[in-house]
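I open this notebook to record what I looked up in the structure shown below. The entries follow the order of my queries.

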Amino acid sequence: MRCTVFGTGYLGATHAACMAELGHEVLGVDIDPGKVAKLSGGEVPFYEPGLADVLRRNIDAGRLQFTTSYVDAAAFADLHFLGVGTPQKKGEYAADLRHVYSVIDTLAPLLDRPAVIVGKSTVPVGTAAELGSRARELAPAADEVEVAWNPEFLREGFAVEDTLRPDRLVLGVDRARSGRAEVLVRELYADLIADEVPFLLTDLPTAELVKVSANAFLATKISFINAISEVCEATGADVTALADALGYDARIGRRFLNAGLGFGGGCLPKDIRAFMARAGELGANQALTFLREVDSINMRRRTKMVELGTRAVGGSLLGANIAVLGAAFKPESDDVRDSPALNVAGMMQLHGAVVSVYDPKALDNSRRLFPTLNYATSVAEACAGADAVLLATEWDEFRSLRPADLEGHVRARAIVDGRNCLDADEWTAAGWSYRGLGRG
Ligand SMILES: NC(=O)c1ccc[n+]([C@@H]2O[C@H](COP(=O)([O-])OP(=O)(O)OC[C@H]3O[C@@H](n4cnc5c(N)ncnc54)[C@H](O)[C@@H]3O)[C@@H](O)[C@H]2O)c1
Ligand SMILES: O=c1ccn([C@@H]2O[C@H](COP(=O)(O)OP(=O)(O)O[C@H]3O[C@H](CO)[C@@H](O)[C@H](O)[C@H]3O)[C@@H](O)[C@H]2O)c(=O)[nH]1
């Protein structure tokens with residue numbers, strides 16, 4: 001079948017390519033002509049393992065195209081996915097929905113036959129119903145336009161795998177409508193459903209809430225273990241051993257219990273804030289106040305890392321050479337949105353340190369977002385003359401570092417492991433001062 005995907009960023013480009021991989025004809029639509037040109041040429045404008053292969057294979061097969069033209073998109077299909085960004089508003093907790101509304105305001109007037117718009121962006125509860133009313137007001141096809149919500153749960157770094165083998169598919173529909181959305185979406189995902197991926201049909205607000213609740217839970221789990229880290233730091237306990245022991249309880253589980261520098265990225269931080277803002281608008285102010293604490297615990301880890309880095313160089317950052325390994329918000333991604341690593345690097349610089357940042361994939365994005373930091377093109381270059389090394393993103397290249405790899409480069413043997421991914425004993429035995437977060 002045919003579909004379009006509006007917004008070809010991390011989510012949209014992946015969705016478009018993967019829907020083509022399932023055998024559908026797909027047209028990706030973006031307002032950024034540069035992005036459209038790259039994607040059309042088979043180039044992924046960001047780092048996402050495995051995506052380039054899927055993209056090229058499907059472009060070559062003639063199933064996947066990209067355009068900036070809404071007119072072409074409206075003519076191309078009757079099933080339209082909406083995957084544009086919903087960032088945090090400047091200076092507020094709430095989500096900025098201007099891109100989502102812009103898609104509806106531009107697309108709907110072009111819809112002159114029955115159409116289904118399926119939202120995948122993460123939005124505050126109530127948005128889908130509002131978008132549906134607006135689309136029907138603007139569309140020549142009026143009541144024949146239906147808006148449904150199919151939240152996306154993919155993780156960056158595993159986007160292709162998560163799209164082609166998701167844990168579940170959730171579809172929220174407007175029960176007052178024809179049921180066409182369910183029919184089309186079930187047909188689109190037929191191969192996944194046949195592979196026994198659970199398909200959960202619900203109403204619009206529930207679908208919207210599933211998404212933000214999932215991210216709120218994940219953020220809470222990370223902040224829970226990071227709060228325990230603070231107690232470990234006060235007592236000399238080791239949070240990594242503690243998390244392993246907790247994780248054996250199947251009711252708790254080990255995943256998302258990695259203590260360290262905490263969560264960042266284009267999703268968890270802004271989603272929990274938008275969730276709090278929306279709950280407030282709905283008069284449920286008390287319900288999510290715990291998320292404020294989740295956010296605070298998370299941000300405190302970043303200042304703790306700065307504190308450990310400062311201690312590692314003897315108490316003052318002024319003039320100290322600091323190597324920061326990692327800039328992406330997590331490994332296997334070049335995404336630096338709300339990156340804990342860059343936040344720490346920036347704070348160290350503000351305190352007078354000379355900071356050198358290295359990341360295997362995220363340097364271009366880092367330079368664009370934080371042009372005032374110094375960037376190195378290798379671990380060795382970042383560590384040259386360093387008074388302390390800070391490991392901020394657990395890329396394999398950094399996990400596999402051995403003390404000998406840094407000998408001859410650093411000025412002092414001090415390392416702060418912000419992701420608790422190094423063997424503390426090995427580094428200590430090699431004469432290094434090793435500090436981890438939540439490790440005694
Ligand atoms: N990145 C993820 O891993 C992920 C996973 C699940 C959900 N989400 C959600 O998906 C949404 C998109 O996130 P993202 O990370 O892909 O964002 P992104 O910034 O990478 O991509 C958004 C894209 O939308 C395009 N765009 C903006 N306005 C447009 C318009 N009017 N018409 C067409 N294109 C337009 C932009 O040019 C950009 O390419 C957000 O709501 C996010 O919370 C993201
Ligand atoms: O035990 C852990 C696990 C993760 N993190 C950090 O948490 C952040 C988010 O990690 P992850 O959830 O893997 O990355 P995202 O790609 O942002 O994915 C989240 O956000 C997406 C966008 O909403 C959702 O689709 C995914 O399901 C959800 O996991 C990163 O900074 C990680 O370093 C930890 O600190 N400790």
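**Entry 1. Helix H3**

Which residues of helix H3 (residues 51-60) are buried? I worked on a predicted model, and I found Val54, Leu55 and Asn58 buried in this helix. I then checked their directions: they cover an arc of only 100° around the axis, which puts them on the same side of H3. I listed the partners of these buried residues as helix H1 (10-21), helix H2 (33-40), strand S3 (64-67) and helix H7 (159-164). I also noted that Gly62, which follows H3, has a positive phi, near 80°.

**Entry 2. Helix H8**

I put the same query to helix H8 (residues 180-188), where Ala181, Leu184, Val185 and Leu188 are buried. Viewed down the axis of H8, these residues fall within an arc of 95°, so they line one face of the helix. On the face turned away from that buried side I found the exposed residues Val183 and Glu187. The buried residues of H8 pack against H1 and against several strands, among them S1 (2-6), S4 (79-82) and S5 (115-119). I completed the list with strands S6 (145-149) and S7 (169-173).

**Entry 3. Domains**

I read the domain assignment of the chain as domain 1 (2-197) and domain 2 (218-436). Over C-alpha atoms, the centres of domain 1 and domain 2 are separated by 33 Å. I found 14 residues of domain 1 in contact with 15 residues of domain 2. By class, the domain 1 side of this contact has ten nonpolar, three polar and one charged residues.

**Entry 4. Ligand 1**

I counted 26 residues around ligand 1, of which Gly7, Gly9, Tyr10, Leu11 and Ser121 come nearest. The elements giving two or more residues to this shell are H1 and helix H5 (98-107). I sorted the shell around ligand 1 into nine nonpolar, twelve polar and five charged residues.

**Entry 5. Ligand 2**

Around ligand 2 I found 22 residues, the closest being Glu156, Asn258, Phe263, Gly265 and Cys267. H10 and H12 are the elements that give two or more residues to this shell. The largest share, three residues, comes from H10. By class, the shell around ligand 2 divides into ten nonpolar, seven polar and five charged residues. I checked the domains as well: at least three residues of this shell come from each of domain 1 (2-197) and domain 2 (218-436).

**Entry 6. Cys267**

Which residue does UniProt list for "active site"? An unreviewed UniProt entry lists Cys267 for this feature. I recorded earlier that Cys267 is among the residues closest to ligand 2. I located Cys267 in the loop between helix H11 (239-247) and helix H12 (268-281). Is Cys267 buried or exposed? I took 20 or more other C-beta atoms within 10 Å as the cut-off for a buried residue. Cys267 counts as buried because it has 25 C-beta neighbours inside 10 Å. Leaving out residues up to four places away in sequence, I found that Cys267 touches Thr122 and Asn215.

**Entry 7. Glu230**

I placed Glu230 in helix H10 (residues 204-235). Glu230 is partly exposed, with 17 other C-beta atoms within 10 Å. I also looked up its separation from Arg251, 21 residues apart from Glu230 along the chain: their C-alpha atoms are separated by 23 Å.

Notes: Residues are numbered from 1 along each chain as its sequence is written. Chains are lettered from A and ligands numbered from 1 in the order in which they are written. This is a predicted model: local features need pLDDT of at least 70, side-chain atom pairs count only at pLDDT 80 or more; totals for chains, interfaces and linings use all residues. A residue is buried if 20 or more other C-beta atoms lie within 10 Å of its own, exposed if 12 or fewer, and partly exposed in between; C-beta atoms are placed from the backbone. Helices (H or I, at least four residues) and strands (E, at least two) are DSSP runs, numbered from the N terminus. The arc is that of the directions from the helix axis to the C-beta atoms. Two residues are in contact if their C-beta atoms, placed from the backbone, lie within 7 Å. A residue is near a molecule or strand if its C-beta atom, placed from the backbone, lies within 6 Å of it. Ala, Val, Leu, Ile, Met, Phe, Trp, Tyr, Cys and Pro count as nonpolar, Asp, Glu, Lys and Arg as charged, and the others, Gly among them, as polar. UniProt positions are given in the numbering used here, feature names are shortened, and annotations may be inferred rather than shown by experiment. Domain bounds come from an automatic or database domain assignment.
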